[in-house]
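Trainee: Could we go through this model together? I'd like to hear the reasoning behind each label.

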Amino acid sequence: MLQNEYFRLYHWLRMMNEEDYSKNSAKLFWNVQFIYELVLAKMELDSSNVKYTINSNLRSFDIKHIQDVEFLRNRTAYFEEINGLPTLYNEITKKNVTRSINQYLTHWFYPYKGKFHPQMIRALLNIMRIKKGETVLDPFVGSGTLALEAQLMGINTIGIDISEVCSLISRVKTQSLKWLADIQKEYKSLTESIEKFAEKSEDKIIEEISKLVDTIKIQELRNFFLLAKLISHSDKSRRSKKSFKKSFETNIKRMIESLEMFDELQKTHNLILGNTDVSQADVRNLKLPASSIDGVVTSPPYSIALDYVENDKHALSALGYNLDTIRNEFIGLRGKGKSKIDLYNQDMKLAYQEIDRVLKENKYCTIIIGNAILNKREIKTVELTIDIFENLGYTLVKNVDKIIFGLYNIMQAEKILVFKKS
Ligand SMILES: C[S@@+](CC[C@H](N)C(=O)[O-])C[C@H]1O[C@@H](n2cnc3c(N)ncnc32)[C@H](O)[C@@H]1O
């Protein structure tokens, strides 16, 4: 009897503790596994003026003081719960048609190599204290990870990329939601027409699909189906067994499903989305007024690690580009050996001067970059970047080490460099 009483009391005390614990705590997502993510999670709390201590298991934080709990619940990237309640990002990441946890909503559109980790981008926008309605720039926008994350936070984005494939991907990811009803209608008539091609050869089917896509009058609709076609070109180049027609139909279906999830998310949470303005242009000559940007987050091409023309050659050729001609405009692809590195360094200096011109005073510029290894020699791109920004009058306020996957032989780690213009 006495023992029963003891257990009841013990369970009651535990329950109370757990309740208290969840009432004043921030719980990390289970997929937060790296030290750099823990560092960014701490920085997110710091930027919201939260006072906290980290629990010994390193999976949660005890909150001592918090000014605006709703703000943190809506903005945080690394916490799945604040004070026992799910965060908005917890809901966002559930809207996913893929098996990869980072590829929620439209992030998965097009298999682009070397994308940002969206969770990290959301955290950086918090750390840089970018407010709703402000404008951020990514002048190497690639597949538009920053554009979509900023949009979800009500922040406007200007995205620039020299590759038309990239500007197309970024636009379709962030601008198709408004056109969902029209896309669904177009899909019905398109699939009916495609059914008639069943007996034709693969090349003929590609030709007919291209003609159908080209005749779509509204640009936003045409872009959506054009991207589905480019994803199928990429599928074909990697998994030749899958028929182009099948891959095209499946891609459109899944893309529409993703937009439907996006629509539901926006309606359920009354999200006011940020605007995105993405164009094909050169970072060395930004068509933007001086001091017009509230923050920059970007990842420049790595001098020798990735050949962006080679990576997207199927899509670029399908858009009608001559690969040899456009190579010269891509930073990091001109020249050979030592001259390649020199040209890269010169181009990056011009790029950073342009970024400096358009960024407002007292704002942040975050560069994610690593040192590549060429012929067993380390190319000091990180040091060069710090040097250029310090000469432009910036202060390096954070320098975080980050692991990278997928480029093991050339690059194992990169840096998150947060500079302040002052
Ligand atoms: C590391 S990737 C950016 C990836 C991006 N952060 C993402 O999440 O997908 C670098 C990008 O720089 C672009 N680029 C190369 N030269 C450029 C130039 N002169 N002007 C603008 N963009 C350029 C490449 O096309 C490539 O998309």
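Trainee: What makes up the accessible surface of the protein?

Mentor: The surface comes to about 20,400 Å², and 51% of that belongs to carbon and sulfur atoms. Such areas come from the Shrake-Rupley method with a 1.4 Å probe, and for residues only the protein chains shown count as cover. Keep in mind that this is a predicted model, where local features need pLDDT of at least 70, side-chain atom pairs count only at pLDDT 80 or more, and totals for chains, interfaces and linings use all residues. Residues are numbered from 1 along each chain as its sequence is written, and side-chain values use heavy atoms, leaving out hydrogens and water.

Trainee: Why is K245 called buried?

Mentor: Buried means under 20% relative accessible area, with exposed over 50% and partly exposed in between (1.4 Å probe, protein chains only). K245 has 14%, so the residue counts as buried. Across the protein, buried residues make up 52% of the 422 residues.

Trainee: Which residues does K245 touch, beyond those up to four places away in sequence?

Mentor: Those are I194, E195, A198 and I205, where contact means heavy atoms within 4.5 Å.

Trainee: What makes the K245 and E195 pair a polar contact?

Mentor: The term needs a pair of N or O atoms within 3.5 Å; within protein, one must be able to donate a hydrogen and the other to accept it, and residues adjacent in sequence count only if both atoms are side-chain atoms. The side chains of K245 and E195 are joined at 3.5 Å, so the pair fits the definition.
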